[in-house]
Amino acid sequence: MTNQNNTPRTPSFPSRLPNVGTTIFTVMSALAAEHKAVNLGQGFPDFACDPQLVDAVNDAMRSGHNQYPPMAGVPVLREAMAQKYEVLHGRTYEANTEITITAGATQAILTAVLACVQPGDEVIVLEPCYDSYVPNIETAGGVVVRVPLTPGTFRPDFDKIAAAITPRTRLMIINSPHNPSATIWSDADMRKLEDLLAPTDILLISDEVYEHMVFDGAPHQSAARYPGLAARAFIVSSFGKTYHVTGWKIGTVAAPAPLTAEFRKVHQFNVFTVNTPMQYGIAQYMQDPAPYMQLPAFYQAKRDLFREGLKHSRFKLLPSEGSYFQCVDISEVSDLNEADFCQWLTREMGVAAIPLSAFYVDKFDQRVVRFCFAKKDDTLREAVSRLSRL
């Protein structure tokens, strides 16, 4: 098709996601790079992974593991994950039919949504929530039902969750440890959810990518621990988060066999399968559980370093129970809203953060911003030095 000037014209079409633009993480990372700011915005480490993990992947490549693996993932890695769930959470997953290797957690969540959400189905999300959830649901033709976590504490409000359930509710998405608030769900929370969902056919996505970043001796309460939740749940994990290799984009989904069968129908035509040598390398590295068992102490030390450095600042530090995030109240630091403050902080003070309002569809502003402390100690000290000037 051409216009009157005989110039080829690119056809227009209705947007599938008309309200979606560039993610706040991309925007703030670009701004940080432009101003040479310390990037405590986007959640990725600035330190290297264990060289033994790289060696394991290199060994896998040299051993010839460079062609397509099975669609569901290489058996040795699925078996390693099945063993891990049994040891840590007492839940037996069958590696062949109940564990799938994915191209990261984001693909895992999208695939689970596409597998079970029909046009018009309602999906409950708890705001603030990770920014991929809502577009995933809308892509599937689902109806997003937003239930706010309690402002200030970010605890689940089960009365509000119960009130949001209708006969059209197909799915609910939870996330613990929670991004962005750094809260964790307790045993009591999980049992309340188990009781609430028991009389329903509602499915569950449990986003557990920060499962090994739970602090102060608290356990991670995986949905796998609760029979009534595990029976209806897609449990999502991330090797990228656990092993400091976010750019590798490899994750897993554990789910009962009937759910996994539907999940794999979408997965095989979405990415089909995932990087072969990295799967073998991770499986080899997982033979030693020490790296993930030591992760809570590793990140708690970074959390404590960052919190200690800001202790005498005008930022009000919110609890950081899990994940690698620290939220702060900026009310005594600035009159700007969260988004404008993060822009100003990056340009003028040389530290990038993320506004919590970015995790709400209506940009609800609580005067709270999120920092990521998955950084070298020297990086955190430099950030603290700059932030302490405020």
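Below are short exercises on a predicted model, each with a worked solution.

**Exercise 1. Which class does the ring pair Phe215 and Phe373 belong to: stacked, tilted or edge-to-face?**

Solution.
- Step 1. A pair of aromatic rings is described by the distance of the centres and the angle of the planes.
- Step 2. Take the distance. The centres of Phe215 and Phe373 lie 6.3 Å apart. The cut-off for a pair is within 6.5 Å.
- Step 3. Take the angle. The planes stand at 45 degrees, so the pair is tilted.
- Step 4. Place the residues. Phe215 sits in the loop between strand E6 (203-207) and helix H9 (227-230). Phe373 sits in the loop between strand E13 (368-372) and helix H16 (377-387). The pair therefore ties together parts that are 158 residues apart in sequence.
- Step 5. Check the surroundings. Phe215 and Phe373 are both buried.

**Exercise 2. Classify the pair Tyr324 and Phe325, then find the cluster that holds these rings.**

Solution.
- Step 1. The ring centres of Tyr324 and Phe325 are 5.2 Å apart.
- Step 2. Their planes stand at 75 degrees, so this pair is edge-to-face. The cut-off for that class is over 60 degrees.
- Step 3. Tyr324 has 0% relative accessibility and counts as buried. Phe325 is buried too, at 1%.
- Step 4. Follow the ring pairs. They link Phe47, Tyr210, Phe298, Tyr299, Tyr324 and Phe325 into a cluster.
- Step 5. Count over the model. The total is 21 aromatic pairs.

**Exercise 3. Which charged residue lies over the face of Phe325, and which over the face of Phe44?**

Solution.
- Step 1. Start at Phe325. Arg370 lies over its face, at 3.8 Å from the ring centre.
- Step 2. Go to Phe44. Lys375 lies over this ring's face, at 4.2 Å from the centre.
- Step 3. Trace Arg370 further. In E13, Arg370 is the bridge partner of Ile354.

**Exercise 4. Work out the layout of the sheet that contains E10.**

Solution.
- Step 1. Write the order. The sheet is open, has 4 strands and reads E9-E10-E13-E12. The pairing is antiparallel.
- Step 2. Find the edges. They are strand E9 (316-317) and strand E12 (354-355). Each has a single partner strand, so one side of each lacks a neighbour in the sheet.
- Step 3. Go through the bridges. E9 and E10 share 2 bridges. E10 and E13 are joined by 5. E12 and E13 are joined by 2.
- Step 4. Use Val328 as a landmark. Leu317 stands opposite Val328 in E10. In E13, the bridge partner of Val328 is Val369.
- Step 5. Add the helix. Helix H14 (residues 295-310) lies across E9, strand E10 (325-329) and E13. H14 runs at about 20 degrees to E10.

**Exercise 5. Is strand E10 enclosed or open, and which way do its residues point?**

Solution.
- Step 1. Count the buried residues. They are 5 of the 5 in E10, so the strand is largely enclosed by the rest of the structure.
- Step 2. Sort the directions. Phe325, Cys327 and Asp329 point one way. Gln326 and Val328 point the other way.

**Exercise 6. How many disulfides does the model have?**

Solution.
- Step 1. Set the test. The two cysteine sulfurs must lie within 2.5 Å.
- Step 2. Try Cys116. Its nearest cysteine sulfur, that of Cys129, is 16 Å away. Cys116 is in no disulfide. Cys116 is buried, at 10% relative accessible area.
- Step 3. Try Cys327. The closest cysteine sulfur, in Cys342, is 10 Å away, too far for a bond. Cys327 is buried, at 0%.
- Step 4. State the total. The count is 0 disulfides.

Key:
Residues are numbered from 1 along each chain as its sequence is written. This is a predicted model: local features need pLDDT of at least 70, side-chain atom pairs count only at pLDDT 80 or more; totals for chains, interfaces and linings use all residues. Side-chain values use heavy atoms; hydrogens and water are left out. Rings of Phe, Tyr and Trp (its six-membered ring) pair if their centres lie within 6.5 Å; planes under 30 degrees apart count as stacked, over 60 as edge-to-face and the rest as tilted. Buried means under 20% relative accessible area, exposed over 50%, partly exposed in between (1.4 Å probe, protein chains only). A charge sits over a ring if NZ of Lys or CZ of Arg is within 6 Å of the ring centre and within 35 degrees of the ring normal. Two strands pair if DSSP finds at least two bridges between them. Contact means heavy atoms within 4.5 Å. Axes are lines fitted to C-alpha atoms, for helices over the stretch in contact, and angles run from 0 to 180 degrees between N-to-C directions.
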